[in-house]
Protein chains: 2
Amino acid sequence: MTVTEINSWQSVKAEVMRRIIERIWLPGDMIPNEIDLAEEFGCARATVNRAMRALAEEGLLERRRKAGTRVALNPIRKATLEIPITRLEVEQRGWSWRHSILERSETSPSVTVASRLGLSVNVEMLHVRSLHYADNHPFLYEDRWVNLSEVAAIRDVDLKEIDANEWLVQNTPLTKGDISFSAANATKQEAELLQATEGEAIFVIDRTTWNGDIPVTIVRLAYAPGYRMHTEI
Amino acid sequence: MTVTEINSWQSVKAEVMRRIIERIWLPGDMIPNEIDLAEEFGCARATVNRAMRALAEEGLLERRRKAGTRVALNPIRKATLEIPITRLEVEQRGWSWRHSILERSETSPSVTVASRLGLSVNVEMLHVRSLHYADNHPFLYEDRWVNLSEVAAIRDVDLKEIDANEWLVQNTPLTKGDISFSAANATKQEAELLQATEGEAIFVIDRTTWNGDIPVTIVRLAYAPGYRMHTEI
DNA sequence: TATTGTATTATGTATGCACATAATATTTTG
DNA sequence: CAAAATATTATGTGCATACATAATACAATA
């Protein structure tokens with residue numbers, strides 16, 4: 001055999017990908033079954049299976065029992081974006097991070113907040129507004145509500161020392177999250193805080209998280225102008 | 001044994017997740033090695049490995065050879081967002097979709113476009129500007145450049161019939177993509193097209209895609225005011 | 001003491017085999 | 001001929017074993 005053996009799942013994956021990229025196998029095409037591919041590549045079926053599973057997870061292949069495997073028609077490449085801790089995000093860019101607490105109060109939520117969490121307005125919550133800096137420039141304005149009946153321990157945390165999000169991430173299990181991204185014109189208050197001009201376009205993330213079915217926190221993150229969220233597929 | 005045997009990788013995964021969520025294993029903690037877990041659960045090491053690998057891919061565990069496995073300190077819950085085809089996105093919301101071509105020309109790219117693609121300005125590209133409507137309301141303004149030397153076939157496509165993105169997704173393999181999300185103030189032109197007011201905050205997606213190392217297309221998507229991108233984790 | 005070499009260890013991967021499961025194809029039955 | 005029962009098939013999973021690899025701990029050496 002002049003053929004180099006393809007016997008690691010990574011090389012099987014690479015070879016299958018090559019055939020897709022070079023359009024030897026077209027979108028929608030059925031491809032040979034695992035047994036045949038294993039024979040062709042000179043490896044075990046489990047090895048082929050490992051490679052194919054990886055490609056299916058990436059969205060390049062569609063697999064169904066008995067029906068077989070085909071090249072995906074809409075390679076809906078799923079972009080995975082990480083929900084970062086602001087401190088790390090800032091430090092990763094080589095800037096120094098600090099944050100300051102603008103408000104910290106224990107109160108009952110507004111109707112809007114309560115309804116979005118599915119809670120009564122009588123529940124006691126922690127309301128924290130804070131500003132994150134990157135190299136002493138305003139970077140992010142955060143407006144957060146925390147469900148105190150679920151996360152009572154946060155009462156005793158000094159949020160000047162540790163960011164609320166960072167504390168929550170490390171101290172409460174979060175099983176479910178709801179995130180939306182949008183653009184908004186800076187309000188007068190936001191503009192002042194972020195050293196922007198009123199009406200300037202601001203990137204906004206709204207996030208609600210639950211532990212099981214119990215709402216934990218709802219937060220609105222308003223980034224200083226120029227912020228870009230980036231990902232690769 | 002009164003213990004129900006945990007012998008499928010899914011149940012191993014569920015049990016390990018339970019221990020993390022219920023804080024039996026804390027963030028940063030080392031957890032037992034695969035051999036011990038296999039013994040405890042009454043299954044093979046390969047089964048434990050399969051489960052642990054899945055959890056590591058989800059970001060809940062951090063694994064290193066010899067060093068062992070620990071609960072991730074920052075459970076970087078990765079949100080996966082699908083890169084949709086606009087027509088489907090609109091139709092999924094129950095609206096009717098149509099789009100109109102504002103410009104279609106074959107020309108050489110601007111310096112900005114060329115440099116972002118890593119191409120010379122002498123390359124011939126297809127420049128398409130189009131407007132997508134949802135229920136006859138402007139939904140998305142799209143400004144796209146396509147590398148004709150890589151995707152020559154698009155010359156003969158009637159883009160009034162099929163959206164460029166949809167055609168590309170179905171007819172060229174895309175192996176790599178670069179996506180960024182940001183907020184911008186609507187320019188006068190954008191405001192007119194999207195029936196917005198000048199300066200209104202607009203959600204923008206910039207996307208570049210490659211096939212292997214060859215750039216295929218670069219596109220800027222400007223959404224009408226009020227657009228939200230949504231995902232769950 | 002600092003550096004280099006070596007042993008140890010936990011995860012990573014490959015293999016052969018067996019059986020499970022889902023979906024299709026085929027045959028039987030009313 | 002249509003509906004139900006049955007066979008077939010491709011992927012999915014589990015197991016035991018073996019060896020590979022990376023990272024650490026520890027000993028040997030200069």
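A residue is taken as near a strand when one of its heavy atoms lies within 4 Å of that strand. With this in hand, the predicted model can be read from DNA strand C outwards. Of the 23 residues around DNA strand C, those that come nearest are Ser8(A), Trp9(A), Thr47(A), Arg64(A) and Arg63(B). Sugar or phosphate supplies 75% of the atoms of DNA strand C within 4 Å of the protein, and bases supply the rest.

Several polar contacts with phosphate oxygens of DNA strand C can be picked out. A polar side-chain atom of Thr47(A) lies 2.5 Å from one such oxygen. The backbone also takes part: an N or O atom of the main chain of Ala44(A) lies 2.9 Å from a phosphate oxygen of DNA strand C, and a backbone N or O atom of Glu34(B) is likewise found 2.9 Å from a phosphate oxygen of this strand. As for secondary structure, at least two residues of the surface near DNA strand C come from each of α1 (9-21) and α3 of chain A, and from each of α3, β2 (61-64) and β3 (68-71) of chain B. The largest share belongs to α3(A), with four residues. Sorted by class, the surface near DNA strand C holds 11 charged, eight polar and four nonpolar residues.

We turn next to the other strand. DNA strand D is surrounded by 22 residues, and the closest are Arg63(A), Ser8(B), Trp9(B), Thr47(B) and Arg64(B). Of the atoms of DNA strand D that come within 4 Å of the protein, sugar and phosphate account for 75%. A side-chain N or O atom of Arg63(A) is 2.4 Å from a phosphate oxygen of DNA strand D, while Thr69(A) places a polar side-chain atom 3.1 Å from a phosphate oxygen of the strand. Arg65(B) has a side-chain N or O atom 3.2 Å from a sugar or linking oxygen of DNA strand D. The elements giving two or more residues to this surface are α3 (45-57), β2 (61-64) and β3 (68-71) of chain A, together with α1 (9-21) and α3 (45-57) of chain B. Here α3(B) gives the most, with three residues. By class, the surface near DNA strand D has 11 charged, eight polar and three nonpolar residues.

Aromatic contacts form a further theme, with 13 aromatic pairs over all chains. One of them joins Phe139(A) and Tyr223(A) edge-to-face, at 5.8 Å centre to centre and with 85 degrees between the planes. This pair links distant parts of the chain, since Phe139(A) belongs to strand β7 (residues 137-147) of chain A and Tyr223(A) to strand β10 (residues 214-223) of chain A, 84 residues apart. Both Phe139(A) and Tyr223(A) are buried. Tyr223(A) also pairs with Tyr227(A): the ring centres are 3.8 Å apart and the planes lie at 15 degrees, so this pair is stacked. The relative accessible area is 2% for Tyr223(A) and 9% for Tyr227(A), which is buried too. One aromatic cluster includes Phe139(A), Tyr223(A) and Tyr227(A), and among its other members are Phe139(B), Tyr223(B) and Tyr227(B).

Arginines also sit over rings. The charged end of Arg98(A) is 3.9 Å from the ring centre of Tyr133(A) and sits over that ring. In chain B, Arg50(B) lies over the face of Trp9(B), 4.0 Å from the ring centre, and Trp9(B) is itself among the residues closest to DNA strand D.

Finally, zero disulfides are found over all chains. Cys43(A) counts as buried at 16% relative accessibility, and Cys43(B) counts as buried at 15%.

Conventions:
Residues are numbered from 1 along each chain as its sequence is written. Chains are lettered from A and ligands numbered from 1 in the order in which they are written. This is a predicted model: local features need pLDDT of at least 70, side-chain atom pairs count only at pLDDT 80 or more; totals for chains, interfaces and linings use all residues. Side-chain values use heavy atoms; hydrogens and water are left out. A polar contact is a pair of N or O atoms within 3.5 Å; within protein, one must be able to donate a hydrogen and the other to accept it, and residues adjacent in sequence count only if both atoms are side-chain atoms. Ala, Val, Leu, Ile, Met, Phe, Trp, Tyr, Cys and Pro count as nonpolar, Asp, Glu, Lys and Arg as charged, and the others, Gly among them, as polar. Rings of Phe, Tyr and Trp (its six-membered ring) pair if their centres lie within 6.5 Å; planes under 30 degrees apart count as stacked, over 60 as edge-to-face and the rest as tilted. Buried means under 20% relative accessible area, exposed over 50%, partly exposed in between (1.4 Å probe, protein chains only). A charge sits over a ring if NZ of Lys or CZ of Arg is within 6 Å of the ring centre and within 35 degrees of the ring normal. A disulfide is a pair of cysteine sulfur atoms within 2.5 Å.
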